[in-house]
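Welcome! Take a moment to turn the structure around before reading on, and keep it at hand as you go.

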Amino acid sequence: MINFNCNSLLCPVCGQALAQNGGSLICPQNHTYDIARQGYVNLLPVQQKHSLSPGDTPEMLTARRNFLNEGHYSRICGDVVNALGAIPGGVSSIADVGCGEGYYTAEFLRQFPAARIIGADISKAAVRMAASRTHQISWITATASHLPIEEGSMDGVTAMFSLFCEEEFARVLRSGGRVIEITAGTNHLIELKRVIYDEVFEQHKRPKPTQGFLREVSCELKSFRMTLDGKQLHDLLLMTPHTLRVKPENRERLEAMASLQLTAEYFIRVMEKWIVA
Ligand SMILES: C[S@@+](CC[C@H](N)C(=O)[O-])C[C@H]1O[C@@H](n2cnc3c(N)ncnc32)[C@H](O)[C@@H]1O
């Protein structure tokens, strides 16, 4: 039987604390959620689902896993680990929201082995794949806008290339806890876009301004270059939403390339929950 850490997890229906009972999590009102044999729990009520199978497809997830496991974004991961390590008062609990197939979440566990870590994603296929990395993380299907996580229970929330829900992230953070957000910069993968689109419209990208639930501590634009071979380019295209938009002839153009030098450009933004004296 999987020992599922349900500390600070709440029933998504009634909001009461969950406890493990055999192969399930159960709340005082007897709402019950099975622990899947792969090691995750579905805490996404049907009314919070936007579609039958929300999020990335299994094919996109496999490409993401291949690409990330090769370490191409390890610099991004290192930046986030450093930001988590700098949270005043320390980091003993982290929620990685929109965790995808779990590359970053598993790395957070490696770097903070004593921390209590939750990986949440709206896609069941994503958390199922994430759970194959380790059972020491509590993998849940959930939406970023209604996290089944106790108020004030997290030291850190990470949102890596995923949805930023300021009010909800602030709710689950303790006073002085921090959100670390990664978003793509204007030039992120620009060389890829030039190959796969007939015209590239330069959209000036910046993270959304905060609404007052969090205080911005820092926002830095960072970049690095990477050279990818044909297989890596194939995986990269497949793991991004570009794969859903690209014309077949442009996909072929990319598939025919032996290698390409690319820019990774991203904002790392750190935001803090106001400290109440
Ligand atoms: C671009 S992927 C990033 C995944 C992972 N953070 C990474 O960088 O590898 C965005 C992820 O957000 C998830 N997602 C989309 N909408 C969501 C929502 N409302 N709540 C939680 N996760 C969501 C998708 O299923 C997907 O796994």
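## A parallel pair of strands

Strand β6, residues 116-121, and strand β7, residues 138-141, run in the parallel sense and are paired over four bridges. To find a spot where they face each other, look for D121, which stands opposite T141 in β7. A helix also packs on the sheet here: α4, residues 124-131, touches β4, β6 and β7. The direction of α4 makes about 170° with that of β7. Bear in mind that this is a predicted model.

## The eight-stranded sheet

What is the order of the strands in the open sheet of eight? Reading across, you meet β4-β7-β6-β5-β8-β9-β11-β10, and the pairing is mixed. As general background, strands of a sheet pair through backbone hydrogen bonds, either parallel or antiparallel.

Which strands stand at the edges? They are β4 (40-42) and β10 (214-229); each has a single partner strand, so one side of each is left without a neighbour in the sheet. Ignoring direction, neighbouring strands of this sheet are turned by 20° against each other on average.

Towards the β10 end of that order, two antiparallel pairings involve β11. Strand β9, residues 173-184, pairs with β11, residues 259-273, in the antiparallel sense over seven bridges, and V179 has M271 in β11 as its bridge partner. On to the edge strand β10: 15 bridges join β10 to β11, again running antiparallel. One place to see this is L228, whose bridge partner in β11 is L260.

## The smaller sheet

There is also an open sheet of three strands, in the order β1-β2-β3, with antiparallel pairing. Its edge strands are β1 and β3 (32-34), each of which pairs on one side only. From one strand to the next, the twist averages 35°.

Within this sheet, strand β2, residues 24-26, is joined to β3 by three bridges, and the two run antiparallel. S24 is a handy marker: its bridge partner in β3 is D34.

## The core and a link to the start of the chain

The largest nonpolar core holds 82 residues, and V80, L84, A95, I140 and V157 touch the most other members. Helix α4 gives the most to this core, with six residues. I140 is a good place to look around. Setting aside neighbours within four places in sequence, I140 is in contact with L9, Y40, V41, L43, I118, A120, V127 and P148.

One of those contacts leads to the segment before β1 (19-21), where L9 is placed. Is L9 buried or exposed? L9 counts as buried because 27 C-beta neighbours lie inside 10 Å, and the cut-off for buried is 20 or more. Although L9 and I140 are 131 residues apart along the chain, their C-alpha atoms are separated by 9.5 Å. Beyond its neighbours within four places in sequence, L9 is in contact with L18, S138, I140, P148 and I149.

## Two helices that cross: α2 and α3

Now for the helices. Helix α2 covers residues 74-85 and helix α3 covers residues 103-111; their axes come within 10 Å and cross at roughly 50°. That angle makes α2 oblique to α3, and α2 passes α3 in a right-handed crossing.

Which residues of the two helices meet? From α2 come C77, V80, V81 and L84, and from α3 come Y104, E107, F108 and Q111. Two of these names may be familiar, as V80 and L84 are among the core residues that touch the most other members.

## Helix α7 and its neighbours

Helix α7 spans residues 230-239, with L233, D235, L236, L237, L238 and M239 buried. The buried residues of α7 pack against α1 (58-69), α6 (190-196), β10, α8 (248-255) and β11.

Among these neighbours, α1 packs with α7 at an angle of about 130°, with the axes 8 Å apart. The two helices are therefore oblique to each other, and their crossing is left-handed. On the α1 side, E59, M60, A63, R64, N66 and F67 take part, meeting Q232, D235, L236, L238 and M239 in α7.

Technical notes
Residues are numbered from 1 along each chain as its sequence is written. This is a predicted model: local features need pLDDT of at least 70, side-chain atom pairs count only at pLDDT 80 or more; totals for chains, interfaces and linings use all residues. A residue is buried if 20 or more other C-beta atoms lie within 10 Å of its own, exposed if 12 or fewer, and partly exposed in between; C-beta atoms are placed from the backbone. Two residues are in contact if their C-beta atoms, placed from the backbone, lie within 7 Å. Two strands pair if DSSP finds at least two bridges between them. Axes are lines fitted to C-alpha atoms, for helices over the stretch in contact, and angles run from 0 to 180 degrees between N-to-C directions. A nonpolar core is a set of buried Ala, Val, Leu, Ile, Met, Phe, Trp, Tyr and Cys residues joined through C-beta atoms within 7 Å. Angles under 35 degrees count as roughly parallel, over 145 as roughly antiparallel, 65 to 115 as roughly perpendicular and the rest as oblique. A crossing is left-handed if the near helix is turned anticlockwise from the far one by less than a right angle, and right-handed if clockwise.
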